[in-house]
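User: I'd like a close look at one part of this model, the pocket lining. Could you walk me through it?

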Amino acid sequence: MAIEQTWRWYGPNDRITLEDIKQTGATGIVTALHHIPNGEVWTKEEIIIRKKMIEDAGLSWSVVESVPVHEDIKKQTGNWKLYIKNYQQSIINLGECGINTICYNFMPVLDWSRTDLNSSFEDGSLALIYEQKVFAAFDMFILKRKGAENDYSQKIQDQAKAYFESLDSEGIETLTNTVIKGLPGAEESYTLEQFQSVLDAYSGIDNATLKKHLEDFLKEIIPTAEQAGVKMAIHPDDPPWGLLGLPRVVSTLEDAKNIISTIDSISNGITLCTGSWGAGYFNNLSVMAEELSHRINFAHLRNVKRDTDYNFNEDYLFNGDVDIYSVLKTIVKEEEKRKKEGRTDCSIPVRPDHGNQMLGDIGQDNNPGYSLYGRMKGLAEIRGLELGIRRSLSE
Ligand code: DNO
C-alpha cells in the first residue's frame with residue numbers, strides 16, 4: 001500500500017519527456033488532451049492514442065487534469081446544456097478507457113494567477129509569487145476596471161500606485177501577459193480588450209449564482225461519473241479569493257463541504273491542493289485535509305508562505321505555512337481506512353505541484369511551475385515523508 005506517485009505532463013510538446021519522468025520515480029501520469037477545444041467531446045480514439053503513448057513508456061495515465069468546464073456552463077449561457085452533454089460523454093469515454101480520476105475546476109475566466117513567474121529565490125532558483133499590490137496595479141491602472149479600488153485596502157491601493165509608477169512599458173507588458181495570457185492548464189488566453197468583455201459577461205453573476213451553477217453542473221455530471229466508475233476531483237480556486245470582481249466558490253472549507261454534500265458520492269470528490277488553498281491565511285490545511293479526507297480523490301502537494309495582505313510566494317515543501325507532514329499523514333491514514341473498508345481504489349494519486357526552476361531548468365522553455373528539478377525534489381521529499389509516516393504508524 002502506498003500513495004500513487006504522479007507527475008503532470010503537458011503531452012507530446014512538453015520538453016520533459018515520458019522517459020525523463022520515469023527517472024523521477026513517478027509511476028502515474030497526470031495529463032489532458034490540451035489540443036481538444038474546450039467544450040468538445042474527448043473521443044475514445046483520442047484518449048486511446050494518448051493512453052498508449054503513456055503505457056508504451058512504461059507508465060500509466062492515472063489522472064486527467066483537467067477536463068475543462070466551458071465558460072458557458074459556469075454562466076449558464078449559450079450552449080451550456082450541450083456542453084454539459086459533451087462533458088458527460090467525455091466522462092463516459094474516459095471511464096471506458098480505464099481512466100478513472102478527473103480533476104477539474106470551476107474558476108471563472110482565470111484559472112490560476114500569479115504576478116511574477118520568475119521571482120529570484122534566496123538560493124538562486126526562481127519561484128512563482130503573487131503580490132497583491134502588483135495585481136492591484138494591473139487591475140486599477142492597466143485594465144482600469146471600474147470600481148476596482150473598492151476591492152483593495154487603502155494600504156494596497158497606495159502601494160499599487162507607487163508600483164505602477166515604477167513600471168516602464170516593458171514592465172507593463174510583462175505584467176499584463178502574466179495575468180491575462182493564461183498559465184498552463186488555463187484553456188483561454190486574451191487580449192486586454194477581450195479580457196474586459198469576458199469579465200463584463202460575469203457582471204450579473206455573484207458567488208451565490210455561481211454556486212448554484214456549480215450545483216446544477218454536479219447534479220448532471222456526478223451520476224454519470226458514478227455509472228462510468230469515474231471519480232471527479234474539483235480543484236480549489238488559486239488563489240482562494242475573488243479576483244477582478246469575479247465570483248469564486250471553491251475557496252474555503254465551507255465551500256468544499258457544500259460541494260461534497262450536494263451529492264454524497266465517492267465520485268463527487270476534491271483535489272486537495274495544499275498550495276492553492278494554503279495561499280489564504282484563513283485556510284488551515286491540516287483541518288481541511290482531516291475534514292475532507294473521505295472525499296480526497298487526488299492531491300497536489302506544495303507549500304506557500306503567505307500573509308494577511310493576500311501576498312504569497314511558493315516555497316519548498318517543508319518551508320511554508322502549510323504543515324505538509326500532517327496533511328500527508330491524513331492522506332496515508334485515509335488510504336488505510338479505504339483498504340479496511342475493502343475498497344480497491346484505496347491508493348490516492350499524489351503529485352508534486354509546482355517546483356522552483358533550478359539547476360538545469362534555468363533558461364529552458366519551462367511551463368511556469370512545471371520545470372523538472374524543482375518538482376523532482378518535491379517528489380523525492382514526498383516519497384521520503386510517506387515512508388517515514390508509514391513506518392512510524394506501523395511501529
Ligand atoms: C496550476 C494548476 C491548475 C489546475 C487546474 C485544475 O498549477 O493547479 O492549472 O491544474 O486549475 O483544473
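Which element gives the most to the lining of the largest pocket, and how many residues does it give?

Analyst: That's S3, which contributes 3 residues, the most to that lining. Quick caveat: the model is predicted, so local features need pLDDT of at least 70 and side-chain atom pairs 80 or more, while totals for chains, interfaces and linings use all residues. Numbering runs from 1 along each chain as its sequence is written, and side-chain values use heavy atoms, without hydrogens or water.

Back to the largest pocket (an open set of 1 Å grid points over the protein atoms alone where a 1.4 Å probe fits, with protein on both sides within 12 Å along at least five of seven lines; lining residues have an atom within 4 Å of a point). It holds about 340 Å³ of space, and 24 residues line it. Nearest its centre are Ser-62, Asn-100, Thr-101, Lys-231 and Asp-345. Two elements give two or more residues to this lining: helix H2 (44-56) and strand S3 (60-65) (DSSP runs, at least four residues for helices and two for strands). By class, you've got 10 polar residues there, plus 7 nonpolar and 7 charged; Gly counts as polar and Tyr as nonpolar in this scheme.

And the second largest pocket? About 280 Å³ of space lies in it, with 16 residues in the lining. Tyr-10, Gly-11, Asn-13, Asp-14 and Asn-367 sit closest to its centre. The lining of this second pocket splits into 6 nonpolar, 6 polar and 4 charged residues.

Conventions: Grid points are joined across faces, edges and corners, and a volume is the space filled by probe spheres set on the points.
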